[in-house]
Amino acid sequence: IFIKEFSPINQQSTFLGSDLTFCEGTPYTINTGFDPSQYSFIWRKNSQLDSNTSSSYSIPSTLANGTNIYQVFVTPLFCDTFEGYTDIVTINFVPPITTPDPIDLKRCVGDTTPYDLSQNTTIISSGLSYTPTITYHSSLSNAISGTSPLPTSYNGTLTTIFVRIVQPGSPCPPIVKQFNLGTTNGPTNIGTPSNVELCALTPISSNSVLNFNSIN
């Protein structure tokens with residue numbers, strides 16, 4: 001007769017590993033590492049009994065959001081005197097990166113002053129609780145890979161600029177947005193304002209109250 005030996009194990013163990021943080025929508029599978037032919041499994045999610053009884057717990061992308069606590073109870077199938085043990089892990093899913101959109105930048109026709117791409121750095125960072133890492137690129141592939149960033153003082157011939165936005169410390173991937181560079185003729189058909197003449201406030205005063213709204 002061959003009897004498999006079991007060593008006593010404390011009821012609370014750490015076989016599920018450390019707590020983890022992922023980007024929202026990222027599927028993940030919690031593995032116990034135990035042979036399902038030798039053990040039975042009871043899972044709880046946020047203290048509620050779960051229907052899963054397998055050796056692993058799969059979190060699909062549709063449920064990968066918020067912060068949830070998973071606990072598993074593991075019991076040997078063939079040894080009644082073995083107490084079994086449990087472990088618990090917290091999985092945190094953070095929302096993807098969102099920022100204000102950049103705006104198109106223009107300069108007057110014939111003007112050789114470089115475009116100031118950093119104007120969009122201020123706009124993109126507006127209202128955020130963190131300081132994003134922002135770089136500008138000449139192509140979508142460069143923006144995705146984070147290679148060959150452009151200088152913020154740009155005087156090239158590109159018409160479309162791709163901006164790469166990173167949230168430091170976030171598990172979520174960078175996002176890429178784009179904006180256009182263009183030119184404008186500036187204001188046209190501007191009328192010449194008429195002179196404004198008013199009486200002085202007093203006969204000996206040269207002061208008066210002028211309302212320029214009348215010539216806007």
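This is a dialogue between a student and a teacher about reading a predicted model.

Reader: Where should I begin, and how many disulfides does the structure hold?

Author: A disulfide is recognised by two cysteine sulfur atoms within 2.5 Å of each other. In this predicted model there is one disulfide, and it joins Cys-23 to Cys-172, with an S to S distance of 2.1 Å. The link of Cys-23 and Cys-172 is right-handed, with 100° about the S-S bond. This pair links distant parts of the chain, since Cys-23 belongs to strand 1 (residues 20-23) while Cys-172 sits in the loop between strand 12 (160-166) and strand 13 (175-184), 149 residues apart.

Reader: Is Cys-23 buried or exposed, and what about Cys-108?

Author: A residue counts as buried when its relative accessible area is under 20%. Cys-23 has a value of 8%, so Cys-23 is buried, and Cys-172, at 7%, is buried too. Cys-108 has 41% relative accessibility and therefore counts as partly exposed.

Reader: How do I read a sheet, and in what order do the five strands of the open sheet come?

Author: In general, the strands of a sheet pair through backbone hydrogen bonds, and the pairing can be parallel or antiparallel. Here five strands form an open sheet in the order 1-7-6-3-4, with mixed pairing. Strand 1 and strand 4 (48-49) are the edge strands, each of which pairs on one side only. Within the sheet, strand 3 (residues 39-45) and strand 6 (residues 66-76) run antiparallel and are joined by seven bridges, and Lys-45 has Tyr-70 in strand 6 as its bridge partner.

Reader: Which strands pair with strand 12?

Author: Strand 10 (residues 133-137) runs antiparallel to strand 12 and is joined to it by five bridges; in this pairing, Thr-135 stands opposite Arg-164. Strand 13 also pairs with strand 12 in the antiparallel sense, over six bridges, and there Thr-160 has Asn-180 in strand 13 as its bridge partner. Strand 12 is mostly covered, for five of its seven residues are buried.

Reader: What can I learn from a single residue, and which residues is Asn-120 in contact with?

Author: It helps to place the residue before looking at its surroundings. Asn-120 lies in helix 1 (residues 118-125), and its relative accessibility is 0%, so Asn-120 counts as buried. Leaving aside neighbours within four places in sequence, Asn-120 is in contact with Pro-102, Ile-103, Leu-105, Tyr-136 and Phe-179. With Ile-103 there is a further detail, in that a polar atom of the Asn-120 side chain lies 2.8 Å from the backbone nitrogen of Ile-103.

Note on methods. Residues numbered from 1 in each chain as written. Predicted model: local features only at pLDDT ≥ 70, side-chain atom pairs only at ≥ 80, totals over all residues. Heavy atoms only, no water. Helix = DSSP H or I, 4+ residues; strand = E, 2+ residues; numbered from the N terminus. Buried < 20%, exposed > 50% of the residue type's maximum accessible area, 1.4 Å probe, protein only. Pairing = 2+ DSSP bridges. Polar contact = N/O pair within 3.5 Å; in protein donor to acceptor, adjacent residues only side chain to side chain. Contact = heavy atoms within 4.5 Å.
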